[in-house]
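Let's take a friendly walk through this model, one feature at a time.

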Amino acid sequence: MIQQQYPLTETSQFLEFTSVALNDTFNSLFDIERMPKENLFTYCQNLINKIFQLRYSQIPNFLKHHCTIAKNPMQWLNNFERLISVNENLFQNNNNESKLTKFQTCIELKKLKLKCDEMHKSPWKLDKTHINAESEDRYFSFRDVKEKLNSIKIFEEKIVYLTHQKYDYQQSVIDFVNKNLPSFDEQCNNEIARLIEVKKLEEQITKNSTSHQRKKVSGNKIRVNSNLNQLVDVFFQLNRELFIEGKPFLDANSSDFVALICNNFVDKDGYEISQATVETILRPSKYDKRPKSHKRVDIEKLI
């Protein structure tokens, strides 16, 4: 019998179920029992029920457990992320907003870990002159790491990626060390320190520029008389919470929405809108930056 304490608002289109039979290997903490007449609704409802049984510290291992069962863990994570997004009201109604934020953060970190693991499996190897060290199952090249960093746009994800690389190296049994290159973990530490220092300087420059050079915009931009996060949250809902035949109501990436908002709107005082602020509000893990439920513009009621 499915508990109805947390009734679904909407399902997510899982292409595979990670439910398992009730037997000696069944993990009562993380596993979802496979029902005799299991369907998409019962699977999603059981996942939701399990979510609210977990303690905060158990969330990373819960995601890891189901990714181990799933044949396509990245696809499963994407569907699971959508499941908690479209049922966000359950977290609000039960004073579990912080649990939602914890799940969203852990999902992003798990996705990044899966991407890193996939890269490690690549059979291609650099010329040894660019390899800092080798272990039995992989090589460590800071040049390769730098190329990967260029494709990562979010500062926090860069730091997470470098930290994973550093600890992977320190926990590996190294068979070969290139004496002509610096230590791999030392280069990772130096890059982390550089990124943090540059970010602080950029934030200070932005702060100074905003305080001394902020100007009112003249022209045809639309003035937003509400709080900025209410406007940005409207686009967040249209992109991540409202769907038509399985597709987002507005289908675009975050940078497109940042450009659209900053190029077409000004704040209630007539000043330009900060791109960094809009990017932060649009990030799924930044739930606390978006308006509380009672201040939200409920788009579903307007469409």
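Below we visit a sheet, a helix and a cavity.

This is a predicted model, in which local features need pLDDT of at least 70, side-chain atom pairs count only at pLDDT 80 or more, and totals for chains, interfaces and linings use all residues. Residues are numbered from 1 along each chain as its sequence is written, and side-chain values use heavy atoms, with hydrogens and water left out.

Start with the open sheet, where three strands follow the order β2-β1-β3 with antiparallel pairing. Because β2 (139-140) and β3 (174-177) are the edge strands, each with a single partner, one side of each has no neighbour in the sheet. Strands are DSSP runs of E, at least two residues, and helices runs of H or I, at least four, numbered from the N terminus; two strands pair if DSSP finds at least two bridges between them. β1 (residues 133-135) is joined to β3 by three bridges, and serine 135 has isoleucine 174 of β3 as its bridge partner.

Now turn to helix α2 (residues 59-69), whose buried residues (under 20% relative accessible area, 1.4 Å probe, protein chains only) are Ile59, Phe62, Leu63, His66 and Cys67. They span an arc of only 130° around the axis, which places them on the same side of α2; the arc is taken from the directions from the helix axis to the C-beta atoms.

Last comes the lining of the largest cavity: Phe236, Asn239, Arg240, Ser254, Phe257 and Leu282. By type, this lining divides into three nonpolar residues, two polar and one charged. Its largest share, three residues, comes from α9.

Technical notes:
Buried < 20%, exposed > 50% of the residue type's maximum accessible area, 1.4 Å probe, protein only. 1 Å grid on protein atoms, 1.4 Å probe; cavity = no way out; pocket = protein on both sides within 12 Å on 5 of 7 lines; lining within 4 Å. Nonpolar A, V, L, I, M, F, W, Y, C, P; charged D, E, K, R; others polar.
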